[in-house]
Structure formats: C-alpha cells, structure tokens
Amino acid sequence: MTFIPIDRKNWERKEYFDNYFSQVPCTYSAVFPLDITLLRQRGEKLYPAMLYAITTIVNRHREFRTAITPQGQLGFYQQMHPCYTVFHKDSETFSNIWTTYAPEYQDFLENYQLDQQRYGSCKGLIGKPDQPENTFPVSMIPWASFSGFNLNLQKGYDYLLPIFTMGKFYQENGKTLLPLAVQVHHGVCDGFHLCRFVTELQDLLNHECFKGEA
C-alpha cells in the first residue's frame, strides 16, 4: 500500500478543499442510470463485473483516491481495492469482503472467486479480515430500483473517499439500466470529476474486456 501525502500549501485544490472541508463542509450524492445491456447479453455476473469496472475508473483519477489517514495525513493512495457487501439469506444480514484489484478483468475475477469461496459464507460484519486502508465501500440493493439515494454519516464531512451503491436493474426502451448512487466529498470532487467518472465508467461497460466467466 502506497500513500502519497499532499502538499496542501501548493495543492491546486487548497482553496476548494478548505472551503468544503472546514468553512462549508459539504458532501453530495447523485444517481446515474448505467446501461448494462451488453453485460447482460454476454451473460456476465453483474456484481464482480461492476466491482471491476468501478474500481478501474477509481484508480484512474486521484480525486477518488484522496483520503485522510487514521493519523490525520491528507494524501492519496496509489491504488484502491473494493470493499463490498455480501448478503446472507438465512440470517438476513450482510458481511464486508474486500478483493485485491487487478487491471485485467480475468485476473480480478479469479481474485473475486477465491474470496467468495473462502469468505462468502462467513457471518458477522467483517467477512474477510485484515482490510487495508486503501479500500473504498461498494454495496448493492438488488431488491429495488431507485432514482435517489444518499447516506447520512455522522462523521461524513471527514470522509473523503467515494461510496457506491447499486440498485435493481430494470428494462427501459429496450435497454437494461442499473441505478448507481455515488456519494462524494465536495472538498476533493466537483461535479466535473463525478460526471467524467460516470462517462468513463459507461464507456468501460461497453468495452469488450468483459469476456470472462464468474
């Protein structure tokens, strides 16, 4: 895990960060309908495919990897890994599992499958132990679609990493759409950065890299 400190005095976002972190603390969220028609047509397992796609774009852009360490240092991680929820039908509870990211889709699928085999049935909030600092949260609510979603975090103004929540996919005008809620901190991520993220995510979902079997 490599963490690169930010020189706040010479940081291009210093004025914006100070304003939205200290003066007017601000987080915001938005929901985007992603077109996953090609993923469904190719028969991909939705959850690992989306985890891979989201993490790939997160790792492209520093604003989605910026964080404050437990020691209070502002900076960004060189690479991030997804930490995601797994639902247990028998107890109606969930556990958090994290999977090591790999740039190649097939390699990530193998990592995901191993984690599911080893930790997928583990109960309790922490399904896979030893979660590193350079992870970000992803969850899925596959029982209902939504057009609005936000999280109310007591200490959310100190949390800089993005939070992703997916809903139930649905059909519209011949397409299969998946609602994706993204919650970010305005101190590190503006509307431009969020829209660029979603545009690049959609482009990746249309790409032929998704040919593996989960």
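This text goes from the overall fold of a predicted model to one of its strands, its nonpolar core and a buried histidine.

The protein chain contains 5 helices and 10 strands. Its radius of gyration is 17 Å, close to the 17 Å that the globule rule gives for 214 residues, so the chain is as compact as a globular protein of that length. Along the principal axes, the C-alpha atoms fill a box of roughly 50 × 40 × 30 Å. Of the 214 residues, 48% are buried. The exposed surface of the chain comes to about 11100 Å², and carbon and sulfur atoms supply 50% of that area. Contacts often link distant parts of the sequence: among those between residues at least 6 apart, 72% join residues at least 24 apart.

Strand β8, residues 163–166, is a useful place to enter the fold. Both of its faces are covered. Ile163 and Thr165 lie on one side, Phe164 and Met166 lie on the other, and all four residues are buried. The strand also has a pairing partner in β7, residues 135–140, which runs parallel to β8 and is joined to it by 3 bridges. A further partner is β10, residues 175–185, which pairs with β8 in the antiparallel sense over 4 bridges. Met166 takes part in both pairings: Met140 has Met166 as its bridge partner in β8, and Leu180 in β10 stands opposite Met166.

Phe164 leads from this strand into the interior. The largest nonpolar core has 52 residues, and Phe164 is among those with the most contacts inside it, together with Met50, Ile54, Phe197 and Leu201. Helix α3, residues 46–58, gives this core its largest share, 10 residues. Leaving out residues up to four places away in sequence, Phe164 touches Phe136, Pro137, Val138 and Ser139, as well as Leu180, Ala181 and Val182. Its other contacts are Ile54, Val58 and Phe197.

The last stop is His81, which is found in strand β5, residues 81–88. Is His81 buried or exposed? A residue counts as buried under 20% relative accessible area. His81 has a relative accessible area of 9%, so His81 is buried. Apart from neighbours within four places in sequence, the residues in contact with His81 include Thr55, Asn134, Thr135 and Phe136. Thr99, Thr100 and Tyr101 are in contact with His81 as well. Phe136 thus links the two descriptions, as a contact of His81 and also of Phe164.

Technical notes
Residues numbered from 1 in each chain as written. Predicted model: local features only at pLDDT ≥ 70, side-chain atom pairs only at ≥ 80, totals over all residues. Heavy atoms only, no water. Buried < 20%, exposed > 50% of the residue type's maximum accessible area, 1.4 Å probe, protein only. Helix = DSSP H or I, 4+ residues; strand = E, 2+ residues; numbered from the N terminus. Pairing = 2+ DSSP bridges. Core = buried A, V, L, I, M, F, W, Y, C linked by side-chain atoms within 4.5 Å. Contact = heavy atoms within 4.5 Å. Rg over C-alpha atoms; globule rule 2.2 N^0.38 Å. Areas by Shrake-Rupley, 256 points an atom, 1.4 Å probe, with all protein chains shown as cover.
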